[in-house]
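Reader: Could you walk me through how to read a helix crossing and then a cavity? I would like the general idea before the case at hand.

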Amino acid sequence: MAGVPDCSEGARVSSNPAPTALRRSLGLWAIVGLGLGYMTPMTVFDTFGIVTGETNGVVPSAYLFALVAMVFTAISYGRMTRVFPSAGSAYTYASETIHPNVGFLVGWSSLLDYLLLPLVNALIVRLYLESFFPQVPGWIWVVVYVAAITAMNLFSMSSTSRVNGILVAFQIVLIAVFVALTWTALNAGEGNGTAFSLAPLFHSGVHLGAVIGGATVVCFSFIGFDAITMYTEEAKDTKTVPKAIVLALMIGGAIFFVAAWFAQSRFPTLAGFSFTDDTLPEIALKTGGLFFQILFISAAVAAAVASSLASHASVSRMIYVMARNGRGRVSRSLSYVHPKFRTPATAVLLVGAVSLLAAAFTLEFVSSMINFGALIAFTVVNATVIIHFAIRRKQFRGAKQVVRNIVLPAIGMLLTGVLWTNLHFDALTYGLIWLTIGIITLLVLTRAFRRRLGVALDDDGEGDPAIVTREGAPIDSTR
């Protein structure tokens with residue numbers, strides 16, 4: 001994807017004149033909304049049965065552990081976003097602080113997860129619609145749905161943000177109604193009989209290993225706060241992005257925790273559930289009857305649409321940035337920005353094409369491939385904080401600098417490492433296969449590491465990817 005610069009002696013390679021930049025149209029809350037849409041608050045009810053079985057009935061503890069692990073990583077993302085205000089996220093940070101080749105592999109690994117998330121949402125919507133209209137072939141729903149999501153991302157990022165905001169608000173309202181109905185049921189003696197019992201956090205028979213295993217499952221729900229960095233070049237003010245990262249994580253984490261707390265208080269065990277792989281429909285029916293179930297499932301569909309919009313937008317930005325840093329026809333095509341819509345048009349269309357595979361794949365197969373790349377990105381971003389601030393800038397004098405530049409990111413790496421040790425075997429297997437393909441691609445692009453990939457931060461100035469020496473170092477174009 002990332003091309004190799006012309007390395008002929010003394011050559012200078014110039015990029016296309018005056019490239020079209022992405023439109024800066026996103027404010028703080030628009031970016032937070034995209035992060036929440038990506039995180040999909042309704043997921044807590046879909047995975048409730050799986051995580052209840054995994055943790056022996058302490059789903060809120062699993063979310064709490066995952067949230068704590070993600071907070072340290074979110075801090076690292078926020079700090080690196082201030083240093084490198086680019087849409088490339090972990091790819092850019094690794095390229096700039098470690099090596100462009102490492103950055104490529106980090107970006108490549110993340111692409112697996114980010115490309116699959118729009119596909120997963122299209123697959124979920126297909127399953128919902130197939131259940132309502134079994135006579136209609138599933139591939140028709142996939143084509144229509146993916147075409148609509150792709151078109152919205154292609155034509156306007158601000159419109160995408162507004163629609164996403166409405167869908168996220170709808171989810172939050174339905175979750176609030178669920179909490180209110182559950183509160184009434186608990187006061188009537190159902191479930192634990194009270195919302196204030198600590199049983200959802202800990203009770204006899206619960207082990208830390210099981211909680212961590214559950215956290216590995218629910219950490220998938222937190223993938224989204226990091227994707228906010230993909231919108232850096234479309235933010236009205238890049239300084240709002242670090243704040244948006246933390247806000248999205250904390251708001252999303254609070255929603256997950258509260259929803260899980262009330263669900264676990266109302267349903268301390270899975271007794272009475274006929275289908276535990278996706279408990280959302282039965283939770284809704286048992287909580288508020290048929291009408292509430294219809295509304296709740298509608299909110300779940302809205303959640304899938306919001307996540308589709310946000311994930312489609314973010315992965316297309318990553319593809320755009322990785323391609324922008326290379327040369328050749330493929331790179332020029334994938335880094336193309338539509339002059340009118342100011343969106344990465346080719347990258348958006350590519351993500352849409354991949355999402356069409358939702359017509360053929362199963363949810364179990366696709367879900368097993370997710371999390372590998374995200375955990376790589378989380379680990380590397382924490383490492384880049386230590387490398388950039390403590391090693392390169394020598395900022396480790398005094399307790400405050402040691403804590404900020406070494407201790408906090410190291411804790412983030414440690415907690416991410418704990419999640420690594422509990423990663424599903426299939427996710428690890430498919431992730432390593434994808435990483436191997438990336439290494440082979442990198443070997444081809446760099447001619448067995450004899451050439452170096454160029455890196456650009458943004459279209460506004462820092463790091464021109466097109467003017468390079470044989471070693472890949474930038475040349476001062478002003479001299």
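Author: Happily! The crossing of H7 and H11 is right-handed, meaning that the near helix is turned clockwise from the far one by less than a right angle. Helices here are DSSP runs (H or I, at least four residues), numbered from the N terminus. This is a predicted model, where local features need pLDDT of at least 70, side-chain atom pairs count only at pLDDT 80 or more, and totals for chains, interfaces and linings use all residues. Residues are numbered from 1 along each chain, and side-chain values use heavy atoms, without hydrogens and water.

Reader: Which residues of H7 and H11 make the contact?

Author: With contact meaning heavy atoms within 4.5 Å, H7 brings Tyr-145, Ile-149, Thr-150, Met-152 and Asn-153, and H11 brings Ala-304, Val-305, Ser-308, Leu-309, His-312, Ala-313 and Arg-317.

Reader: How is the packing of two helices described?

Author: By the angle between their axes and the distance between the axes. Helix H7 (residues 138–155) and helix H11 (residues 280–324) pack at about 55°, with axes 10 Å apart. The two are therefore oblique to each other (not under 35 degrees, over 145, or 65 to 115).

Reader: And which residues line the largest cavity?

Author: A cavity is a set of points on a 1 Å grid where a 1.4 Å probe fits but cannot get out, and lining residues have an atom within 4 Å of a point. The lining is Pro-118, Ala-122, Tyr-145, Val-146, Ile-149, Thr-150, Ser-308, His-312 and Ser-355. H7 gives the most, with four residues.

Methods
Axes are lines fitted to C-alpha atoms, for helices over the stretch in contact, and angles run from 0 to 180 degrees between N-to-C directions. On a 1 Å grid over the protein atoms alone, a cavity is a set of points where a 1.4 Å probe fits but cannot get out, and a pocket is an open set with protein on both sides within 12 Å along at least five of seven lines; lining residues have an atom within 4 Å of a point.
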